[in-house]
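Please look over the sequence and the model below. A short report on selected local features follows them.

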Amino acid sequence: MADAPSVPAAPSGVASAEWLAGGPGGADRLARLLPAALRGMAAGTAERGGPVPAGGPAAVAAALARAQSDGLARHGVGAEQALEELSALLAAGSADPADPACAAHLHCPPLAVSVVADVVASALNPSMDSWDQAPVASEIEREFTTGIARLCYPDAARPDAVITSGGTESNLLGLLLARESAVTRPVCGANSHHSVARAAWLLGLPAPVVVPCVDDRMVPSALAEALASLGAQAVVVATAGTTNTGRIDPLPEIAEICRRTGARLHVDAAYGGLALCSEALRSRVAGLELADSVALDLHKFGWQPVAAGVFAARGATDLQALTVRAEYLNADDDTEAGLPDLLGRSLRTSRRPDAFRMAVTLRALGTAGIGVLVERCCANASGVHAMVEDHPALRSWGAPELSTVVFRPVAADELPGVAGDDLVAQVRRTLLEDGVAVIGRGALPTGPDGESQLWLKLTLLHPHTEAADYRALLDAVATVAADLRATVARESPVAS
């Protein structure tokens, strides 16, 4: 009789079960390991000492090479040492969205309750592609998406929603469902997110018809003109919270034009959609409920770790286009026997239970609590805008509609054409490479004859700051701009 094959030894001599996060004792094992990871995180944060590591990409790569020269080692160092060492590296080399000077992108500081919920979800590891892998997780997701769908469509008969990885996937879904309804011509504003054109390309649709914008908002009369020859062939993508400025398209007027012409309407509300949670701000996204579909991101106004997207549809039947059969995941006899079909709830197969942490957060705060956080960020933006207007070395693009503040150093306006844009770009990179601040940039048609000009922007998603916390950042922009002005003027062929 042949000998039974031997079982290889577990890493570092530790009993196999001791490496598992789930099962009996899993919670205790996590409790023993988490302090090591948190010690490393605290040490790395202290080492960084600011919103972003200084020195730029080369310095970060060199620091990593010095700290971890062995790459994929043959023998491990053990769980606690690995966690502490690499958590310290990650924290030291990360941009910190919880620092007020880290305000470039729609990149929020996640709520602690959501992060802890994510640890639980990761440990239990439900995979959301079949019910037998995620019995309760699938029901939590169903209840959560039902609630979000009703938030978007309070008066609809049967709205529904599915979880996505964010606005890019949600916009892809919006165009996919339009295509499956025989709508084949995308139309969007010049202010739309780049993912709209990418989605059209991926789906084999024509490049979007681009509608002009004024004040970074789609012009309704221009949309009506564009739809005159397209009618029901068109899917219009409007925006509720543009990436550059946070502007919201005139949704009621756009929806009425779509109704008259028979066009389908998808709204990219990845940024501004959660204003629905605020009684004071929800009127800013009025008309959202008139769309056929809506994209929302809770890793923006929602304070979730990435990724946390939701796609909502006014009619649940639209989502039937996602139906697909795989015998091992959603066999007909299983679904007929009552097992829920999760495979038709996403473009993805294996996917994380991202709805769990979103549901925990909404359970903890309620929609009203989320609304308060949105209001704080928008109030901060108004306060920072007022400081920009009062600052002698800065110029505002316009009052914020959500939480984005767009401004430009006056020194850039004192240089001709391209030289001014060069100054703006160098100000941003200097602050980044010095580890002082992470601020955004955007091109807007504000130059002579509508030419593009480069602007700086702050996207304020930290709900526990005040406007005064950003004064030092504004002063730093002004100081660096003044320091660089002579150099840029000397080096620019236009200026010279």
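The report covers surface patches, salt bridges, cysteines, backbone geometry and two residue pairs in this predicted model.

## Negative patch

Five acidic residues gather on the surface as a patch of negative charge: Asp132, Glu327, Asp333, Asp334 and Glu336. Helix H11, residues 332–336, gives the most, with three residues.

Aspartate 132 sits in a loop of the chain. That loop runs between helix H4 (112–124) and helix H5 (135–152). Aspartate 132 counts as exposed because its relative accessibility is 62%, and the cut-off for exposed is over 50%.

## Nonpolar patch

A nonpolar patch also lies on the surface. Its members are Leu34, Leu38, Met41, Val115 and Val119, with about 400 Å² of accessible area together. Helix H1 (26–48) and H4 each supply at least two of these residues. The largest share comes from H1, with three residues.

Valine 119 is found in helix H4. It is partly exposed, at 30% relative accessibility.

## Salt bridges across the chain

The count of salt bridges comes to 24. One of the bridges joins the side chains of aspartate 96 and arginine 48, at 3.1 Å from N to O. Aspartate 96 lies in the loop between helix H3 (79–92) and H4, and arginine 48 lies in helix H1, so this pair ties together parts that are 48 residues apart in sequence. The partners differ in cover: aspartate 96 is partly exposed at 22%, whereas arginine 48 is buried at 13%.

Aspartate 318 and arginine 264 meet in another salt bridge, at 2.8 Å from N to O. Aspartate 318 is in the loop between S9 and helix H10 (327–330), and arginine 264 is in strand S7 (residues 264–268), so the bridge ties together parts that are 54 residues apart in sequence. Aspartate 318 is partly exposed, with a relative accessible area of 22%. Arginine 264 is buried, at 10%. Shared partners also link salt bridges into one network, made of Asp118, Arg352, Asp354 and Arg357.

## A salt bridge within one helix

Glutamate 256 and arginine 259 form a salt bridge through their side chains, at 2.7 Å from N to O. Both residues lie in helix H9, residues 251–261. They are three residues apart, about one turn of the helix.

Glutamate 256 is partly exposed, at 31% relative accessibility. Arginine 259 is exposed, at 58%.

## Cysteines

How many disulfides does a search of the whole structure find? The search finds zero. Take cysteine 108. Its closest cysteine sulfur is in cysteine 377, 9.3 Å away, which is too far for a bond because a disulfide needs the sulfur atoms within 2.5 Å. Cysteine 152 is in no disulfide either, and its nearest cysteine sulfur, that of cysteine 277, is 9.2 Å away.

Are cysteine 108 and cysteine 152 buried or exposed? Cysteine 108 is buried, with a relative accessible area of 4%. Cysteine 152 is buried too, at 2%.

## Backbone geometry

Most residues other than glycine have a negative phi, and most peptide bonds are trans. Aspartate 215 has a positive phi, near 60°. Aspartate 216 also has a positive phi, of about 60°, although it is not a glycine. Aspartate 215 is in the loop between strand S4 (213–214) and strand S5 (217–218). Aspartate 216 is placed in the loop between S4 and S5 as well. Their exposure differs: aspartate 215 is partly exposed at 34%, whereas aspartate 216 is buried at 13%.

The peptide bond between valine 306 and alanine 307 is cis, with omega about 5°. Alanine 307 falls in the loop between strand S8 (293–297) and strand S9 (309–313).

## Two pairs in sequence and space

Leucine 124 lies in helix H4 and is exposed, with a relative accessible area of 61%. From leucine 124 to glutamate 225 is 101 residues in sequence and 53 Å in space, C-alpha to C-alpha.

Alanine 386 belongs to helix H12, residues 354–390. Alanine 386 is partly exposed, at 34%. Alanine 386 and valine 405 are 19 residues apart in sequence, and their C-alpha atoms are 9.9 Å apart in space.

Technical notes. Residues are numbered from 1 along each chain as its sequence is written. This is a predicted model: local features need pLDDT of at least 70, side-chain atom pairs count only at pLDDT 80 or more; totals for chains, interfaces and linings use all residues. Side-chain values use heavy atoms; hydrogens and water are left out. Patches are made of residues with over 30% relative accessible area and no salt bridge: like charges are joined within 9 Å, nonpolar side chains (Val, Leu, Ile, Met, Phe, Trp, Tyr) within 5 Å. Accessible areas come from the Shrake-Rupley method with a 1.4 Å probe; for residues, only the protein chains shown count as cover. A salt bridge is a side-chain nitrogen of Lys or Arg within 4 Å of a carboxyl oxygen of Asp or Glu. Lys and Arg count as positive and Asp and Glu as negative; His and the chain ends are not counted. The place of a charge is taken as NZ of Lys, CZ of Arg, CG of Asp or CD of Glu. Helices (H or I, at least four residues) and strands (E, at least two) are DSSP runs, numbered from the N terminus. Buried means under 20% relative accessible area, exposed over 50%, partly exposed in between (1.4 Å probe, protein chains only).
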